[in-house]
Amino acid sequence: VQLQASGGGLMQPGGSLRLSCTASGTRFGFSTMAWHRQAPGKQRELVAFITRRGSTDYGDSVKRRFTISGDIAKKTMYLQMNSPKPEDTAIYYCKAVLAGSDYWGQGTLVTVSS
């Protein structure tokens with residue numbers, strides 16, 4: 001299973017950015033896809049996830065600012081990032097869960113700075 005994250009870049013506070021993730025390499029369906037992030041010197045943390053039933057949830061720090069969407073059956077996922085803060089600066093990774101195993105993409109860097 002291969003995952004490709006894209007869309008990272010430089011954001012100014014108050015701006016917006018949309019990340020994309022596409023997966024390939026399996027004909028089996030994922031149970032969940034998720035975005036995680038890792039800031040310099042910090043542990044990787046969950047940003048948001050979406051299940052194959054369409055349920056979503058978010059980390060407390062991004063609730064009401066970020067929106068996850070996607071089509072698990074088509075192995076695609078997005079993260080709309082609004083009202084970014086400097087503390088959102090991190091490498092954002094997409095993850096897929098298949099048969100109890102986690103598969104990770106390579107990450108895309110998001111920098112929030114004025």
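This passage describes the strands, salt bridges and one loop residue of a predicted model.

A convenient place to begin is the open sheet. Four strands make up this sheet, in the order β1-β3-β8-β7, and their pairing is antiparallel. Strands β1 (2-6) and β7 occupy the edges with a single partner strand each, so one side of each has no neighbour in the sheet. On average, and with direction ignored, neighbouring strands of this sheet are turned by 15° against each other. Within the sheet, β3 (residues 16-24) pairs with β8 through seven bridges in the antiparallel sense. One residue pair helps to locate this register on screen: Thr 22 has Thr 76 of β8 as its bridge partner.

Attention turns next to β4, which spans residues 32-38. Of its seven residues, six are buried, so strand β4 is largely enclosed by the rest of the structure. Its pairing with β5 (residues 45-51) is antiparallel and runs over six bridges, with Trp 35 matched to Ala 48 in β5. Together β4 and β5 form a hairpin, and six residues lie between the two strands. In the turn of this hairpin, Gly 41 adopts a positive phi of about 75°. Strand β4 is also joined to β9, again in an antiparallel arrangement, by seven bridges. Here the bridge partner of Arg 37 is Tyr 92 in β9.

Charged side chains add another layer to the picture. Side chains of opposite charge can pair when their charged atoms come close. In this model, the count of salt bridges comes to five. One of them links Lys 95 and Asp 102, with an N to O distance of 3.9 Å; this pair still qualifies because the cut-off is set at 4 Å. Lys 95 is buried at 13% relative accessibility, whereas Asp 102 is partly exposed at 43%. Arg 37, Glu 45, Arg 65 and Asp 88, for their part, are joined into one network by salt bridges that share partners.

Within that network, Arg 65 and Asp 88 bring their closest N and O atoms to 2.8 Å. Arg 65 sits in the loop between β6 (56-58) and β7 (66-71), while Asp 88 belongs to the loop between β8 (76-82) and β9 (90-98), so this salt bridge ties together parts that are 23 residues apart in sequence. Both Arg 65 and Asp 88 are buried. A further salt bridge is formed by Lys 63 and Asp 60, whose closest N and O atoms are 3.3 Å apart. For this pair, Lys 63 is partly exposed at 32% relative accessibility, and Asp 60 is exposed at 66%.

A last stop is Thr 26, a residue of the loop between β3 and β4. Its relative accessible area is 19%, and Thr 26 counts as buried because the limit is under 20%. A polar atom of the Thr 26 side chain lies 3.0 Å from the backbone nitrogen of Phe 28. Once neighbours within four places in sequence are set aside, Thr 26 is in contact with Val 1, Lys 75 and Leu 98.

Technical notes:
Residues are numbered from 1 along each chain as its sequence is written. This is a predicted model: local features need pLDDT of at least 70, side-chain atom pairs count only at pLDDT 80 or more; totals for chains, interfaces and linings use all residues. Side-chain values use heavy atoms; hydrogens and water are left out. A salt bridge is a side-chain nitrogen of Lys or Arg within 4 Å of a carboxyl oxygen of Asp or Glu. Buried means under 20% relative accessible area, exposed over 50%, partly exposed in between (1.4 Å probe, protein chains only). Two strands pair if DSSP finds at least two bridges between them. Axes are lines fitted to C-alpha atoms, for helices over the stretch in contact, and angles run from 0 to 180 degrees between N-to-C directions. A polar contact is a pair of N or O atoms within 3.5 Å; within protein, one must be able to donate a hydrogen and the other to accept it, and residues adjacent in sequence count only if both atoms are side-chain atoms. Contact means heavy atoms within 4.5 Å.
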